[in-house]
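Here is a short tour to read alongside the model. Let's begin with a sheet and work outward from there.

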Amino acid sequence: MTFSFARGALALAAMLTLASCGGGKATFPINVTVYNVLYPGLVLSTNGQDVAVNPGTDKTQPVNVVFPNQIEYGQAYDVVPKGQVNLVGGTFPKHQTCAVPQEYPYNLPTSGTAGQLAKIQVYYICSINTYQLAGKVTGLRGTGLVLANGSTALTVAVAPVLDATTSAPTGADVALTMSPVAYGATYGVTVLTQPTGQTCTVSGGANGNGTGIMDDAAEAANGVTNLVIACANNPA
Amino acid sequence: MKSSILRAGVALACALGLAACGGGDGDQYLTGTIESGVTKDGLVLTNNGGDDLAVPANATGFQFSKRISTDDQFNIQVKSYPSNVKTCTIVNGSARANYYTIAQIRMSCEIKTHKLVIAINGLTTNGLILVNGTDKQTIAANETSREIAPVYEDGAYGITVLQQPTGQTCRVSGGSSGNGSGIMGSTDLVNSVVVTCS
C-alpha cells in the first residue's frame with residue numbers, strides 16, 4: 001500500500017514537472033543601448049511596439065531601454081527608428097541622426113529571430129547633424145585664393161573661371177562649398193591666401209562677416225548658403 | 001651502386017630545395033596602411049633596424065623593398081619623423097610573418113600642435129565673442145590676451161568676430177595672412193593675431 005502510494009506520488013511529480021516545461025514558449029526581452037543621445041525625440045520601433053529614447057542626466061553615458069513586451073522564441077524582430085524604411089528616414093533625436101555603430105562588438109544586426117542568440121541586444125549610436133556652409137566667390141580673376149573656416153576642417157582653394165577659347169579669367173561667379181558644420185557649432189570664414197593681384201573680402205553668414213552659429217534658424221534653412229567672397233583687383 | 005646514385009640524387013634535390021627557400025628574397029611583401037598624420041616628406045621606416053624606407057607625404061600605405069618569408073621575424077620602427085610630426089604609433093608592427101600578420105600592420109602619426117595666443121587691445125566692455133572655426137571664445141572686458149585651442153603645425157587658423165562687445169567695435173588683424181588668419185608655423189604663435197577694439 002505504502003509502496004503504491006509512493007509510486008503514485010512520483011508519477012504526479014513527474015507530470016507536474018513536464019507540465020511546467022511544456023507551458024508556452026520561452027519569451028525574450030528586446031534590449032537596446034543607444035550611445036551619444038544628446039537631444040530628445042528618438043523613437044525606436046519593432047513588432048508593433050515603440051519605445052522613446054531620451055538623453056539621460058549624464059549625456060556621456062549610453063541610454064538603455066527595453067521594449068514593453070517580450071517576444072516569443074522564433075519570432076522575428078527588426079529594431080529601427082520609427083518610420084525608417086531601407087535605412088531611409090525615421091524618428092531621430094532633434095539635431096541628430098542615429099545608425100548602427102561601426103565598431104566591434106557593437107556592429108550587430110538590428111534584426112533577427114528571438115532565440116538565435118541567448119539575449120536580444122541591439123545597439124545604435126547617434127551623431128550631430130551637419131549642415132552645409134556655402135555661397136559664391138565673385139569677381140575672381142587671380143589664382144591662389146584659399147579660404148579657411150578657422151582651424152576647423154580642410155581649407156578650400158578656389159580657382160577663377162577661365163574663358164573657353166582665350167583661357168583668360170572671366171571673373172564669373174564661382175560656387176563655394178566649405179566643409180559642413182555641425183549643429184550648434186560656430187563658423188568663421190576667412191581668406192587664408194589672397195589671389196594674385198586681387199583682394200577678397202568675406203561677407204554673408206549669420207553675422208554678415210562670414211561668421212555665425214549653425215543654430216536652429218540655420219538648421220531650418222538647411223545650412224548657410226549666403227557666403228559671398230567678393231574679389232576686386234588691387235589698385236595699380 | 002644504383003642505390004648510391006639515387007641517394008646522391010636525393011641529396012642534390014634536397015640541397016636545391018633548401019637553396020630555393022633560403023635565398024634572400026622571401027615570398028611576401030611587408031606592407032602596412034597609414035591611417036593619418038603623414039602630411040609631409042621625411043618619414044623613414046626600418047625593418048629589423050635596416051631596409052630603410054622613405055615614405056612620402058600623403059602616403060596611405062608603405063611597402064618595404066625586401067620581401068620576407070613566412071615565419072621571418074619583422075619589427076617595423078620609425079627611424080625619422082616628418083618635421084611636423086610629434087610621434088607615430090605602429091600597430092602590429094612586430095611579429096613573425098604570415099599572410100595574417102602582414103595584413104594587420106597599421107600606422108598613424110600625431111601632428112604637432114602649437115599655442116595660439118590672441119592679443120586684445122582696448123577692450124573695455126563685455127560681450128566680445130571670437131571664433132576660430134568651431135572654437136568659440138567669450139572675452140570679458142579688459143582682457144588683454146586669450147589663448148585659444150592649439151592649432152596643428154602647417155594647419156590654418158582664422159580668427160573672426162562672432163559678436164561685438166557692447167558699445168565697441170573690434171577688428172582682427174595680424175597672423176601670417178595679415179587679416180587674422182594664416183598657417184601655423186613650427187613655434188607657438190603669441191600675440192601675432194591682434195584684436196583691436198575702439
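## A four-stranded sheet in chain A

This is a predicted model, and a good place to start is an open sheet in chain A, where four strands line up in the order β15-β12-β19-β17 with mixed pairing. The edges are taken by β15 (174-182) and β17 (198-203) of chain A, each of which pairs on one side only. On average, neighbouring strands of this sheet are turned by 25° against each other, direction ignored.

Look next at strand β12 (residues 130-138) and strand β19 (residues 224-233) of chain A: they run parallel and are joined by five bridges. If you would like a specific pair to display, A:Lys136 has A:Val228 in β19(A) as its bridge partner. As a general reminder, the strands of a sheet pair through backbone hydrogen bonds, in either a parallel or an antiparallel way.

## Two domains in chain A

How is chain A divided? Domain 1 covers 25-128, and domain 2 covers 130-233. The centres of domain 1 and domain 2 of chain A, taken over C-alpha atoms, are separated by 40 Å.

## Where the chains touch

Now for the contact between the chains: chain A contributes 18 residues and chain B contributes 18 residues. On the side of chain A that touches chain B, the elements giving two or more residues are β13 (145-149), β14 (152-158) and β16 (186-193) of chain A. Of these, β16(A) gives the most, with seven residues.

What classes of residue make up the side of chain A that touches chain B? That side has 13 polar and five nonpolar residues, and no charged ones.

## Chain B in outline

Turning to chain B, its secondary structure amounts to 16 strands and one helix. Of the 198 residues in chain B, 30% are buried. Among the contacts in chain B with a separation of 6 or more, 65% are between residues 24 or more positions apart.

## Confidence in the model

For the complex, the predictor gives a pTM of 0.78 and an ipTM of 0.76. Chain B has a mean pLDDT of 89, with 87% of its residues reaching 70 or more.

Which stretch of chain B has pLDDT under 50? Residues 14-24 of chain B stay under that value, and the model has zero contacts for them beyond four places in sequence. Predicted coordinates should not be read in detail where pLDDT is low. So please keep that caution in mind when you view this stretch.

Terms used. Residues numbered from 1 in each chain as written. Chains lettered and ligands numbered in written order. Predicted model: local features only at pLDDT ≥ 70, side-chain atom pairs only at ≥ 80, totals over all residues. Contact = placed C-beta atoms within 7 Å. Nonpolar A, V, L, I, M, F, W, Y, C, P; charged D, E, K, R; others polar. Domains from an automatic or database assignment. pLDDT = per-residue confidence, 0-100. Pairing = 2+ DSSP bridges. Axes fitted to C-alpha atoms, helices over the stretch in contact; angles between N-to-C directions. Buried ≥ 20, exposed ≤ 12 C-beta atoms within 10 Å, placed from the backbone.
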